[in-house]
Amino acid sequence: MTGSRIDSGGLIDRAKPLGFSFDGRAYSGYSGDTLASALLANGVRVMGRSFKYHRPRGVWGAWFDDPNAIFGIRLADDEFPNCPATTTQLVDGMQARAVNAWPSAKFDIKAGLDLFHRWLGAGFYYKTFMWPGWGLFEPAIRRMAGLGHLDLNTVAGYVSDQLHDSCDFLVIGGGAAGLTAARAMAEAGQDIVLIDDHPELGGGLYRRGLAIEGETPQVWIASQHKAIRQAGGRIMTSTTGFGIFDHNLVGLAEDRGFSRAPRLHRMRASRIVMATGALDRPITFANNDRPGIMSVEAATEYLGRYGVLVGRHIALVSNNSFAGQAAAQLRAAGAEVTGCDATQGPIRALGGKHLSGVEVGGKRYGCDTILASGGLTPIVHLWRHAGGKLNWRDDLAAFVPGNPMEGMIAIGAANGTFDMDEALAEARSVVKSGGASVRGDHYSITPIWPKPGAKGRQWIDFQHDVTLKDVEQAARENFVSVEHLKRYTTLGMASDQGKTSNMAGLVAMASIQGKSIPETGTTTFRPPFVPVPLELYRGQNRGHTRNPLKRLPLEAVHRAAGAAMGEYGGWLRPGWYGEKSAEDAIRAECAMARKAAGIFDSSPLGKIEVMGPDAEAFVNFIYYNTIRTLKPGAIRYGFMLTERGIVYDDGVISRLGPQRFVISCSSSHVDGVNANLEAWRQDGNDPDRLFVHDTTANWATVTVTGPKAREIVAELGTDLDFSPDNFPHMTFRETVFLGAPARIARVSFTGDASYEISVPVASVETLWKTLIAAGGSLGAGPVGLEALSVLRAEKGYLIIGKDTDGETMPHDLGFGIPRLKKQAEYVGDRSLYSEVAQLETRRQFVGLAVPERAGPLPTGAHLVDTRDGRTVSIGIVTSSYDSPCLGKPIALALMECGQERMGEQVTVLHLGETRMAQVTSPCFLDPAGERLNA
Amino acid sequence: MQLFPCPFCGLRDEREFHFAGEVGKTRPKTSEPVSDADWNTYLNTQRNEKGAAREIWCHVTCQEYFVMERDTVSMDVLETVALRKEPS
Amino acid sequence: MRGHSGWGKAWRTSALKPTYDVIIIGGGGHGLATAYYLARNHGINRVAILEKGWLGGGNTGRNTTAIRSNYYYPESAALYDLSLRLYENLSKELNYNVMFSPRGMMVLAHSVAEMEIAARTVNAMQINGTDAELFDAEDVRKRAPILNFSREARFPIHGAIWQGRAGTGRHDAVAWGYARAADSLGVDIIQNCEVTDVITEGGCAVGVNTNLGEVRAGRIGAAVAGHSSVLAGIAGFDLPIHSYALQAFVSEPLKPVMDTVAFSPAYGTYFSQSDKGGLVFGGALDRVPSYGQRGNMPVQESVVSGLAEMAPVLAKVKLLRHWAGIVDVTPDSSPIIGPSGIDGLYLNCGWGTGGFKAIPAGGTLFAHLLATGSHHEISRPFDLDRFRSGRLIDEGAASGIAH
């Protein structure tokens with residue numbers, strides 16, 4: 001037993017014992033413990049195995065700087081992979097297991113891998129496993145790699161909250177500097193938020209153990225806390241600033257306890273005060289990865305925060321002036337501490353799984369625990385996220401925040417101000433001067449850097465098993481840029497993202513190359529500062545709230561009528577009605593619509609009004625077809641093109657008056673068409689003479705189509721004369737329904753006479769019920785989108801985006817006249833004369849006929865030819881149905897030179913099988929338009 | 001998440017905005033002959049400035065288009081100006 | 001047995017000479033591969049690669065390592081399938097394990113309509129001579145049981161486009177392998193060498209100025225995707241390119257949970273699992289044109305939530321790191337290979353989000369262009385002149401899937 005709990009001290013609650021297990025053995029700890037502190041208190045040293053060599057490892061750090069103790073944890077029904085033991089708060093009943101070790105961290109059957117380390121050094125993958133092929137080795141290597149095992153159950157209720165917030169000053173870090181700065185600014189009337197990632201404020205004060213401004217740490221912290229609150233400051237603990245993004249947005253992850261998803265705060269801060277402290281860095285020496293070697297800072301942290309003494313016989317190997325205080329604290333807690341000057345020559349840990357001593361400069365010291373400190377490294381990650389530069393300070397042997405940044409300052413240890421009094425002065429000055437810092441010299445360090453060629457295995461990245469020899473090898477192979485070093489050796493790519501290893505790695509490379517450290521540089525600091533669950537970013541970005549559907553006003557009515565609702569162009573719409581199979585229902589609806597009438601909900605159709613003195617010229621410019629000549633009361637079909645001449649949308653344009661048009665675009669394109677209209681409106685037009693207003697959501701529309709349509713709409717009780725002479729196809733009428741305005745348009749998407757009746761949303765249920773009642777007695781009824789799709793295909797009416805693709809131009813669709821005749825400018829006009837637009841081999845819109853009993857062609861099949869002995873695609877089947885009305889399958893297609901090849905046979909290829917089809921007109925029904933105009 | 005100042009609505013989340021193109025893309029007069037090269041320049045060519053760039057943006061929620069000058073490296077917004085002229 | 005002490009320098013540290021036959025600007029995958037193929041296929045080894053930072057430090061080292069040729073148009077299929085074929089043998093060719101892992105890739109279809117488009121694409125791929133299968137939901141489940149197969153999912157899985165030969169590779173190793181091989185054939189690799197000017201004489205590009213001095217060459221090739229417009233600006237012309245940040249993400253390492261690559265256009269996210277165990281994933285471009293090599297939260301939220309929607313069990317997995325690269329986006333999202341318009345200066349750019357998978361082909365074709373002054377038939381359709389003729393190769397418009 002090497003670590004133990006002392007009788008008093010720390011922030012743990014000794015009145016609240018908690019039970020847990022590790023690698024199958026039961027232990028107990030206290031409320032306030034982390035898993036690591038509780039295990040240390042129980043004398044457990046070996047808490048993990050390294051990634052590659054499965055070397056036994058203990059904890060190096062006490063918080064987010066530990067790369068070694070990574071656990072899979074089960075609590076009740078839920079299991080979480082890759083939990084750092086040092087940052088996981090102990091919960092009663094936790095069952096923890098070291099990842100990457102079996103049966104336990106202590107006795108791992110893969111430990112033998114370490115014997116092969118000479119052949120598994122940096123970059124060994126790149127030089128081996130090529131013969132006979134990587135595929136032979138990869139599966140086994142994948143199983144060896146990876147840390148935690150992912151339990152395949154989702155965690156019930158694991159949903160993050162996501163909040164937006166803002167403040168004048170965000171103080172990151174609740175240590176002495178952060179508390180002081182936050183208090184000073186709050187008392188100066190600023191809106192401040194102070195965050196700290198621990199459950200308790202205080203930062204390094206507990207491990208420091210000394211009085212501050214004449215108070216014990218606990219008393220001093222409590223009084224700062226109270227003062228900040230009283231001044232209106234906000235304080236958030238267990239909250240990590242994990243990233244800084246553009247425009248001073250700080251991502252905060254608030255821990256809500258184990259097995260709950262953290263809460264995301266998107267904090268917009270006018271200024272950010274970085275008071276994130278500093279980390280003790282490892283010393284690179286032989287066998288420096290043994291369990292029982294940890295940072296000086298970690299040892300005092302375990303003591304001050306958790307009441308755990310990490311060893312009895314401690315060798316404290318350090319190169320800086322803070323060691324003395326740490327030694328005094330550990331002695332006061334009952335340890336025997338030998339101070340060793342790390343600068344006095346080569347260092348080597350002695351012993352195996354159990355340390356027996358340390359050798360420094362040839363002298364041996366017996367111990368059960370080695371505490372090492374290679375100096376302090378300011379935690380500058382967030383500074384770099386925000387785009388700040390770093391300066392190297394020789395006196396501190398560390399990178400510190402460099403250039404002043406607008407919107408962000410660094411104070412305290414994060415700024416290299418390691419002396420307490422100076423850090424407090426610096427923190428107080430924030431409120432006045434904006435952070436002019438006072439530099440002191442109370443911290444002193446004699447840098448010791450890895451020595452190339454040194455003996456023994458000297459670990460640099462503990463988790464990834466990168467040693468000094470690996471760095472030397474990378475240098476030998478010319479992987480000398482720090483980024484190459486990182487990528488070649490995987491140094492700094494472990495789950496601590498180099499918090500313990502990057503400095504040692506880069507100084508090793510610097511000294512190997514004889515370069516200065518600033519010349520060698522650092523790798524990029526990337527978010528997140530600590531790993532955060534994917535759920536943090538998700539919150540309500542899930543299911544239908546992530547990708548909402550548009551809903552019909554009549555949805556409940558459709559459901560009551562037995563509609564099978566489905567997604568069509570972003571809308572939830574009836575696919576078909578009734579209890580029958582989809583196929584039977586669709587056939588029945590098609591037959592009914594052609595025989596009597598079909599009634600369908602077409603509310604999603606666009607209703608965008610274009611108004612004003614310049615409206616006519618504008619609509620004429622927007623549409624490919626000439627609109628200028630459209631008379632009030634009349635309707636015209638038209639294509640909206642992109643500037644590349646590609647058909648973007650088709651729709652019908654109704655002219656309500658000399659200066660007023662309604663554009664009825666396709667359901668899925670309303671937002672796009674509206675945006676397109678606005679873009680052109682504001683591009684060179686006088687916005688006071690032209691207005692675009694999307695009224696789609698104000699109106700609901702029901703369409704009646706079929707031979708009995710007129711009889712049905714006559715029942716609406718309007719004042720209109722529906723006779724074809726007085727109300728012909730492609731005209732509309734304004735009328736009144738239920739005392740509210742209504743608009744009835746004779747346009748057809750089926751080839752039969754159709755009436756589209758638009759009313760205010762409030763009237764649509766009555767409208768629907770009236771039409772259904774009137775239709776019922778005539779053999780008509782509701783039809784869904786699937787039947788409608790068949791009906792329109794029978795007539796050869798196309799659906800943009802289904803029957804066209806991103807190359808289709810209007811003249812490919814049989815609409816060539818405006819291209820040849822329209823004088824006025826229109827969107828896309830010039831592109832219709834590009835080289836590609838004039839190709840003779842363009843794909844044109846055609847129909848395909850197949851024998852009656854052959855069954856429909858598969859949509860998505862290609863039309864193919866053989867050229868130079870190769871099969872080439874000459875087109876695609878875009879729509880295909882078994883037409884109940886025609887009693888045979890029909891299909892629509894885009895086909896090279898389709899217009900010239902009418903009547904020819906073409907080969908249709910689908911998933912390796914071919915069939916023949918005959919090229920026809922896309923219009924299979926009533927080509928003369930008698931039904932349409934009836 | 002960046003903040004852009006809409007000249008009409010003030011500072012808003014970047015998700016409310018749509019990038020509409022670079023400033024200075026004047027549509028050639030297509031009622032007169034336009035060369036392939038000129039049409040290509042209009043349709044496709046970009047200055048794609050690294051650093052200060054002048055662009056047209058749309059604030060989708062109010063539908064107004066405006067000119068924004070910003071730094072494409074630092075993401076600092078330098079200026080926004082409404083496209084709409086003052087009412088005469 | 002010497003462990004690995006017998007391996008020498010992967011590449012020499014060369015000094016810049018005053019003249020070369022060919023200068024390649026940009027030491028990413030495409031530049032390095034171009035140099036290698038110039039030497040190997042065309043016997044031209046008086047070649048310098050000028051890299052302003054470190055080799056492979058641009059998008060070669062920032063991508064999500066997917067390699068595939070599941071393209072709709074024959075022009076694209078020819079390009080990317082050439083690349084895939086070269087990848088299949090690349091480790092042996094370079095004697096460097098690039099860990100090409102043909103674990104297959106699926107593009108999910110989430111509705112009947114998407115299945116029809118998937119069929120259209122599978123048929124096109126088969127006609128193009130690329131391997132392709134149309135998967136139903138059960139086929140998808142066999143390959144990727146971790147996905148969300150609930151009928152209640154916002155986008156239920158109906159099936160997928162499957163390309164079995166597709167997979168992943170170790171991105172850095174591709175750069176290093178080409179660098180090592182090019183170096184051994186005599187190519188000079190010059191890192192930390194930034195081009196500041198293109199020297200023209202009589203309208204012809206004859207060399208470049210750099211921070212290390214002037215250097216001249218018969219032909220100059222630029223392979224600087226992400227900063228192509230900046231280089232064009234130096235040379236005095238504009239390109240049909242916008243620069244955007246593309247973000248990528250990696251989770252903490254897990255034991256194997258995903259054996260293939262899956263992309264859901266509807267959720268806007270794709271992912272695979274690296275050999276090391278991290279889930280590697282990404283999605284759409286950031287919305288704001290950018291040269292800043294960092295990403296913003298809106299796309300992080302949409303990509304990460306998309307992944308958690310695709311495979312809800314991953315919600316508790318932790319994100320380890322995310323980063324961004326700057327990509328060239330062309331009007332049709334297809335690359336540009338060809339003459340720049342200035343004699344002597346040639347372009348390899350516009351790779352959008354998918355340049356990594358094209359490295360071997362991009363290098364082969366660009367080397368052909370630089371060696372002969374004329375297009376290989378596979379690169380011809382990707383010439384800049386397509387923007388004048390309108391002969392765009394717009395995969396997204398054909399299939400509704402952005403490539």
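## Interface between chains C and A

In this predicted model, the contact between chain C and chain A takes 68 residues of chain C and 83 residues of chain A. On the side of chain C that touches chain A, the elements giving two or more residues are helix 3 (90-94), helix 4 (112-127), helix 6 (171-184), helix 8 (297-310), strand 16 (318-329) and helix 11 (395-399) of chain C. Sorted by class, that side of chain C comprises 32 nonpolar, 19 polar and 17 charged residues.

## Interface between chains B and C

Chain B and chain C also meet: 17 residues from chain B and 20 residues from chain C enter the contact. Within chain B, helix 1 (residues 36-43) gives the most to the side that touches chain C, with 3 residues. The class division of this side of chain B is 5 nonpolar, 7 polar and 5 charged.

## Overall form of chain C

Chain C contains 11 helices and 18 strands. Its radius of gyration is 21 Å, close to the 22 Å that the globule rule gives for 403 residues, so chain C is as compact as a globular protein of that length. The C-alpha trace of chain C spans about 65 × 60 × 40 Å along its principal axes.

Of the 403 residues of chain C, 71% count as buried. When contacts in chain C between residues at least 6 apart in sequence are considered, 75% of them join residues at least 24 apart.

## Domains of chain C

The domain assignment divides chain C into domain 1 (19-94 + 171-241 + 331-399) and domain 2 (105-166 + 243-329). A distance of 27 Å separates the C-alpha centres of domain 1 and domain 2 of chain C. In the contact of these domains, 29 residues of domain 1 of chain C face 28 residues of domain 2 of chain C.

On the side of domain 1 of chain C that touches domain 2 of chain C, strand 3 (66-67), helix 2 and helix 7 (228-235) of chain C are the elements that give two or more residues. Helix 2 of chain C supplies the largest share of that side, 4 residues. By class, the same side of domain 1 has 10 nonpolar, 16 polar and 3 charged residues.

## Packing of helix 2 against helix 9 in chain C

Helix 2 (residues 74-88) of chain C also packs against helix 9 (residues 359-372) of chain C: their axes come within 7 Å and cross at roughly 110°. This crossing angle makes helix 2 of chain C roughly perpendicular to helix 9 of chain C, because angles of 65 to 115 degrees count as roughly perpendicular.

From helix 2 of chain C, the residues in this contact are Leu79(C), Tyr80(C), Leu82(C), Ser83(C), Leu86(C) and Tyr87(C), and they meet Ile359(C), Pro360(C), Ala361(C) and Thr364(C) of helix 9 of chain C. The residues of this helix pair's contact divide into 8 nonpolar, 2 polar and no charged.

## Overall form of chain A

Chain A contains 24 helices and 50 strands. The radius of gyration of chain A is 38 Å, well over the 30 Å that the globule rule gives for 934 residues, so chain A is more spread out than a compact globule. Along its principal axes, the C-alpha trace of chain A spans about 110 × 70 × 55 Å.

Buried residues account for 57% of the 934 residues of chain A. Among contacts in chain A between residues at least 6 apart in sequence, 65% link residues at least 24 apart.

## Domains of chain A

For chain A, the domain assignment gives domain 1 (4-108 + 282-373), domain 2 (159-281 + 376-446), domain 3 (459-520), domain 4 (551-604 + 698-792), domain 5 (608-694) and domain 6 (837-934). The C-alpha centres of domain 1 and domain 3 of chain A are 25 Å apart. Their contact takes 19 residues from domain 1 of chain A and 14 residues from domain 3 of chain A. The side of domain 1 of chain A that touches domain 3 of chain A has 7 nonpolar, 6 polar and 6 charged residues.

## Surroundings of helix 18 in chain A

In helix 18 (residues 615-622) of chain A, the buried residues are Ala615(A), Phe618(A), Val619(A), Asn620(A) and Ile622(A). The elements that cover these buried residues include strand 35 (608-611), strand 36 (635-641), strand 37 (647-657), strand 38 (660-665) and helix 19 (670-681) of chain A.

Conventions. Residues are numbered from 1 along each chain as its sequence is written. Chains are lettered from A and ligands numbered from 1 in the order in which they are written. This is a predicted model: local features need pLDDT of at least 70, side-chain atom pairs count only at pLDDT 80 or more; totals for chains, interfaces and linings use all residues. Two residues are in contact if their C-beta atoms, placed from the backbone, lie within 7 Å. Ala, Val, Leu, Ile, Met, Phe, Trp, Tyr, Cys and Pro count as nonpolar, Asp, Glu, Lys and Arg as charged, and the others, Gly among them, as polar. Axes are lines fitted to C-alpha atoms, for helices over the stretch in contact, and angles run from 0 to 180 degrees between N-to-C directions. Angles under 35 degrees count as roughly parallel, over 145 as roughly antiparallel, 65 to 115 as roughly perpendicular and the rest as oblique. Domain bounds come from an automatic or database domain assignment. The radius of gyration is taken over C-alpha atoms; the globule rule is 2.2 Å times the number of residues to the power 0.38. A residue is buried if 20 or more other C-beta atoms lie within 10 Å of its own, exposed if 12 or fewer, and partly exposed in between; C-beta atoms are placed from the backbone.
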